[in-house]
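User: I'm new to this one and would like to learn how to read it. Could you take me through it feature by feature?

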Amino acid sequence: MYDLIGDIHGHATELVLLLEKLGYERRQGVFSHPERKVIFLGDLIDRGPQIQEVLDIARPMVEEGYALAVLGNHELNALGYHTPHPKRPGRHLREHNDRTTRQHEATLRQLDAGQLRSALDWLRTLPLWLELDGLRAVHACWDEPSRAALAEGLAEHGGLTPSCLQAACVPGAPLFPHVEVLLKGKEAKLPHGISFFDKEGHERRSFRTRWYADPRGQTYRSYAFETATIHSSSPLAIWILESANPYPVDAKPVFFGHYWLRPDCPAPLAQNVACLDYSVGKGGLLCAYRWQGEQTLRQEHFTWVPSTHGPQAATLTEAPASSAPI
Ligand SMILES: [Mn+2]
């Protein structure tokens, strides 16, 4: 059976506390459990203060068979950032600019050249999704057409090779939209004239959809992950209804991270859908789900430790009671 763990983002102290809470013990330097395995849901790197320490915990667990892991958007971005562009000398598959460098800068600062090379060599061996007996895992969104397109692309390129990364990391390349869906989720445009400001103060005219939900009868506000900041109660545009691909209620439970949910009361988003990212990187919780084989997910199987860093660590109990992202 599996213990699924959401985005860690370089928070090794919390990871150790969570693994110990889940009953894992460190033997010869590697955390293991006699009956259970961890599934890391991606975004182990960037942002936090202990990125190499997180890799030093997760990688041996995976290599020795005590854990599985999927790639997050931060890991795929790192692979693209460090892979030379085959047709543009001196450039990389992921452009080096202020934005892309800022997103990756904690990793660039904390890892030396050898550690970085070793981390990238490991990351490129990880899958983009996991389909196991009784459950599915992906970083942001399970979408069958995009997953099938990526499966075909990966087979064609022989895995996450430089040619596959070129097809996946460069805007306009054939696998790029599918990788965006699985690793960053889906977005849709707000009605004309409506916008909101995100956490960084940028004006946004699109929102992140609750892709697993049936959009019929929903409003922009109820169908958005940004429930706290989008106030439009207009019904969704027809094209949003028509392009949606809700997660079937009888499909295997799916687990993902990525959405920076508010660290209030972790719970399933639907009976077979759970997000485990409760924003440890912003002073929230590092969250896990202890799966026992169930098809209908249970709130009491969520477990977590609070962040030991960050401004919200002391005020968690005051967070409002909703599962809106922050
Ligand atoms: Mn992410």
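**Reading the core, the helices, the metal site and a sheet**

Analyst: Happy to. Keep in mind that this is a predicted model. The largest nonpolar core has 102 residues, and those touching the most other members are Ile-5, Phe-40, Met-61, Phe-207, Trp-211 and Phe-255. Helix H2 supplies the largest share of this core, with 7 residues.

User: What's the general idea behind a core like that?

Analyst: In soluble globular proteins, nonpolar side chains tend to be buried together. For a case here, take Met-61: leaving aside neighbours within four places in sequence, its contacts are Leu-19, Tyr-24, Val-30, Phe-31, Val-38, Phe-40, Tyr-66 and Ala-67.

User: How do I read two helices packing together? At what angle do H1 and H2 cross?

Analyst: Look at their axes. Those of H1 (residues 12-21) and H2 come within 8 Å and cross at roughly 40°. That angle makes H1 oblique to H2. As for who meets whom, Ala-12, Leu-15, Val-16 and Leu-19 on the H1 side meet Glu-53, Val-54, Ile-57 and Met-61 on the H2 side.

User: Now the metal. Which residues coordinate the manganese ion?

Analyst: Start with the donor atoms: Asp-43 (OD), Asn-73 (OD1), His-139 (NE2) and His-258 (ND1) coordinate the manganese ion, at 2.1 to 2.3 Å. Along the sequence, the spacing of these donor residues reads D-x29-N-x65-H-x118-H. Asp-43 and His-258 link distant parts of the chain, 215 residues apart. Asp-43 sits in the loop between strand E4 (37-40) and helix H2 (51-63), while His-258 sits in the loop between strand E12 (254-256) and strand E13 (273-275).

User: Are Asp-43 and His-258 buried or exposed?

Analyst: Here a cut-off helps: buried means under 20% relative accessible area. Asp-43 has 1%, so Asp-43 is buried. His-258 has 8%, so His-258 is buried too.

User: And how do I read a sheet?

Analyst: The general idea is that strands of a sheet pair through backbone hydrogen bonds, either parallel or antiparallel. In this structure, 4 strands form an open sheet with mixed pairing, in the order E6-E7-E12-E13. E6 (129-132) and E13 stand at the edges with a single partner strand each, so one side of each has no neighbour in the sheet. On average, neighbouring strands of this sheet are turned by 15° against each other, direction ignored.

User: In which sense do E6 and E7 pair?

Analyst: They pair in the antiparallel sense, over 4 bridges, with E7 covering residues 135-138. To trace one bridge yourself, start at Trp-129: its bridge partner in E7 is Val-138.

Methods: Residues are numbered from 1 along each chain as its sequence is written. This is a predicted model: local features need pLDDT of at least 70, side-chain atom pairs count only at pLDDT 80 or more; totals for chains, interfaces and linings use all residues. Side-chain values use heavy atoms; hydrogens and water are left out. Donors are N, O and S atoms within 2.8 Å of the metal (3.2 Å for Na, K and Ca); water is not among the atoms, so sites may look incomplete. Buried means under 20% relative accessible area, exposed over 50%, partly exposed in between (1.4 Å probe, protein chains only). Two strands pair if DSSP finds at least two bridges between them. Axes are lines fitted to C-alpha atoms, for helices over the stretch in contact, and angles run from 0 to 180 degrees between N-to-C directions. A nonpolar core is a set of buried Ala, Val, Leu, Ile, Met, Phe, Trp, Tyr and Cys residues joined through side-chain atoms within 4.5 Å. Contact means heavy atoms within 4.5 Å. Angles under 35 degrees count as roughly parallel, over 145 as roughly antiparallel, 65 to 115 as roughly perpendicular and the rest as oblique.
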